[in-house]
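Please walk through the structure shown here, from its overall make-up to its cavities and then to single residues of the backbone and side chains.

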Amino acid sequence: MGNTGGCNCSAGPTPPERQRLDADASGAQLPSLDTWEFNALDLNPEQLGVASLVLLQAFFWGCGGADPEVLPCFICAIRDGYLPNPYHNFAHAVDVLQTVIRLGKFMPWEELISPAARFALLVAALSHDIGHPGFSNVYLVDVRDEMASRYNDVSPLENMHCSRLFEIVQQSQCSVLAHLSRRELAHVRKNIIDAILHTDAANHSYVTAALEMVYRENAGVFDASKDGKGLTMEQVDILSTDENRALVSRAMLAGADVTNQAKPWSVAYAWATLLRQELTAQGDRERQLGLAVLPMTDRNALGFAEAHIGYLHTTVAPFLSAEARLFHAWQELTATLAVNIREWGTRLSKETEVGQSCDSRIELMCDMLTNLRTSPIEEKKVQAPPGPPDPVPVEESSPLLAAKKEPRPSVDSQEEAGGPVTEPCSEPSCPEGPPQPFVREIRRWREASAASSGQQRELVLLYVVSDDIVTQSPSGQPVLFRYTIQAENSGTSPSSPTNGEAPQPTDLEHLSKAASQGQAALPAPMPGAAATAAQPPTAA
């Protein structure tokens, strides 16, 4: 479905337009690239190419690149591979490239990532959506697109982006990685593929959970740095493991992919408008094909502000807050995102003719983004079922493991280290008591109900990480759960008895509806309906 046009440099002499990319060719002075106010949407295609060259050139030289013609040719080939979608276009690629560099500058990434790995991550940033057809992975799977079949329905877009990138890099006049040793090339290729695969929205939760795990295991170390001027030696040591270096690369690229919403309002709103256009165009196509239309793509289901607040609530705010807990220099972005979220709340009140306070998600997100030393608000506390099954071993290479767990330090060891002494609370209701599962909504969708013609039901996929509850028994069968919804504020739904009886078990359909109104709670899971664990991404 994508544009198959790549770089034609190997067919003959380099075309004149690929021999030189400079400010003169753009026809206008480039704006400052070293600011969060940079807006790639203000540039024409030639200027975007020049901006890419300016951004990449020092990193190319810094890792040993020397051929002055290779980098311009590569940039033009990547630019030609993007389609003129409203959102997933070359301007988006340049925006992500510039954002990754800014994030790295403020980290600073020199202490964690080698010059070759830094350049490779920037190559991934510029290429991460090449050939994007303007439709999501869900759509491609639903219509049984050739791309989805080729990659077995697993991140088909992201696998295609990786493949297209390396097809271009293998061409001699676009070979921006050719100067690397065989060992370095194998390493950066693996890192590029891993980072791009984690830009799949379905995999964002893995990165968020891994970031939260690193923070929780080392909260004292990361909270101790208050100046926001880089990383301490202790933080560098924690993040320097192979697993955490990979996590940092994933977080930088996937975070930059959504950070346009944490830039000044005029920039954020422009990108949000384009995203809305692309999503609703997909929804229109889904309706024409008789497919189930997701709320986010249905222009008739949700207003602009309401739909976008849902996107910020489920994806952007949790991701960026998890990043900012580890990298305090990035907290300027979370502060700007909180300001933008309040503006979206104001616009929602005009759409719905109700007050901003009626949508609890606004305050939840703002609290999440400003109180970064507290645990994520999206956690819902549940208790383990009696007699938990034996734990299932998890491979150390799993993307869920960002840091290996160490025993909780004793009071004596805390005193010896000179740090604050914290006594664990034994009360089950205490937030500092026994560890609680990490629960986040990943996706919700509608499908026709088999029981009643013309009716639909709404389903929700939850992502759960827990030290105490596993998702499979030793025999490999799913562990079954059933959830209940508190009767308070839930009307006359099946989970809200009116005769004083205990709440009755309900399915994920009712849970989803209540959660969308800020009314859901997750009490103790009981044997019943199945809960399925998401699977980690696979490489192309």
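Buried residues account for 50% of the 540 residues in the protein; buried means under 20% relative accessible area, exposed over 50%, and partly exposed in between, with a 1.4 Å probe and protein chains only. The model is a predicted one, in which local features need pLDDT of at least 70 and side-chain atom pairs count only at pLDDT 80 or more, while totals for chains, interfaces and linings use all residues. Residues are numbered from 1 along each chain as its sequence is written, and side-chain values use heavy atoms, with hydrogens and water left out.

The secondary structure comprises 20 helices and four strands. These elements are DSSP runs numbered from the N terminus, with helices (H or I) of at least four residues and strands (E) of at least two. About 25200 Å² of the protein is exposed, and carbon and sulfur atoms supply 52% of that area; accessible areas come from the Shrake-Rupley method with a 1.4 Å probe, and for residues only the protein chains shown count as cover. Contact means heavy atoms within 4.5 Å. Of the contacts between residues at least 6 apart in sequence, 73% join residues at least 24 apart.

The interior also contains enclosed space. A cavity is a set of points, on a 1 Å grid over the protein atoms alone, where a 1.4 Å probe fits but cannot get out, and its lining residues have an atom within 4 Å of a point. Grid points are joined across faces, edges and corners, and a volume is the space filled by probe spheres set on the points. The structure holds two cavities of 30 Å³ or more.

The largest cavity encloses about 70 Å³. Its lining is formed by Ala272, Leu275, Arg276, Leu279, Met296, Phe304, Ala307, His308 and Tyr311. Helices α15 (265-288) and α16 (304-326) each supply at least two residues of this lining. By class, the lining has seven nonpolar, one polar and one charged residues, where Ala, Val, Leu, Ile, Met, Phe, Trp, Tyr, Cys and Pro count as nonpolar, Asp, Glu, Lys and Arg as charged, and the others, Gly among them, as polar.

The second largest cavity holds about 50 Å³ of space. Ala117, Ala120, Leu121, Ala124, Asn191, Ile192, Ala195 and Ser249 line this cavity. Both α6 (115-127) and α10 (182-197) supply at least two residues of its lining, and α6 gives the most, with four residues. The lining of the second largest cavity has six nonpolar, two polar and no charged residues.

The loops on either side of α6 each hold a residue to inspect. Pro108 lies in the loop between α5 (90-106) and α6, and a cis peptide bond, with omega about -10°, joins Met107 to Pro108. His128 is placed in the loop between α6 and α7 (137-142). Is His128 buried or exposed? At 0% relative accessibility, His128 counts as buried. Leaving aside neighbours within four places in sequence, His128 is in contact with Tyr82, His92, Ala93, Val96, His161, Ile196 and Asp257. Of these partners, His161 is 33 residues from His128 in sequence, yet their C-alpha atoms are 6.0 Å apart in space.

The loop between α8 (146-150) and α9 (156-169) contains Asp153, and Ser155 belongs to the loop between α8 and α9 as well. Phi of Asp153 is near 65°, a positive value in a residue other than glycine. Ser155, also not a glycine, has a positive phi of about 45°. Asp153 is partly exposed, with a relative accessible area of 46%, whereas Ser155 is buried, with a relative accessible area of 7%.

The cysteines come next. A disulfide is a covalent bond between the sulfur atoms of two cysteines; here the term applies to a pair of cysteine sulfur atoms within 2.5 Å. A search of the whole structure finds zero disulfides. For Cys76, the nearest cysteine sulfur, that of Cys73, is 7.1 Å away. Cys76 counts as buried, at 1% relative accessibility, and Cys366 is buried too, with a relative accessible area of 4%.

Finally, Glu363 is found in helix α18 (residues 360-370). At 44% relative accessibility, Glu363 counts as partly exposed. The C-alpha atoms of Glu363 and Arg342 are separated by 8.4 Å, with the two residues 21 residues apart along the chain.

Key:
On a 1 Å grid over the protein atoms alone, a cavity is a set of points where a 1.4 Å probe fits but cannot get out, and a pocket is an open set with protein on both sides within 12 Å along at least five of seven lines; lining residues have an atom within 4 Å of a point.
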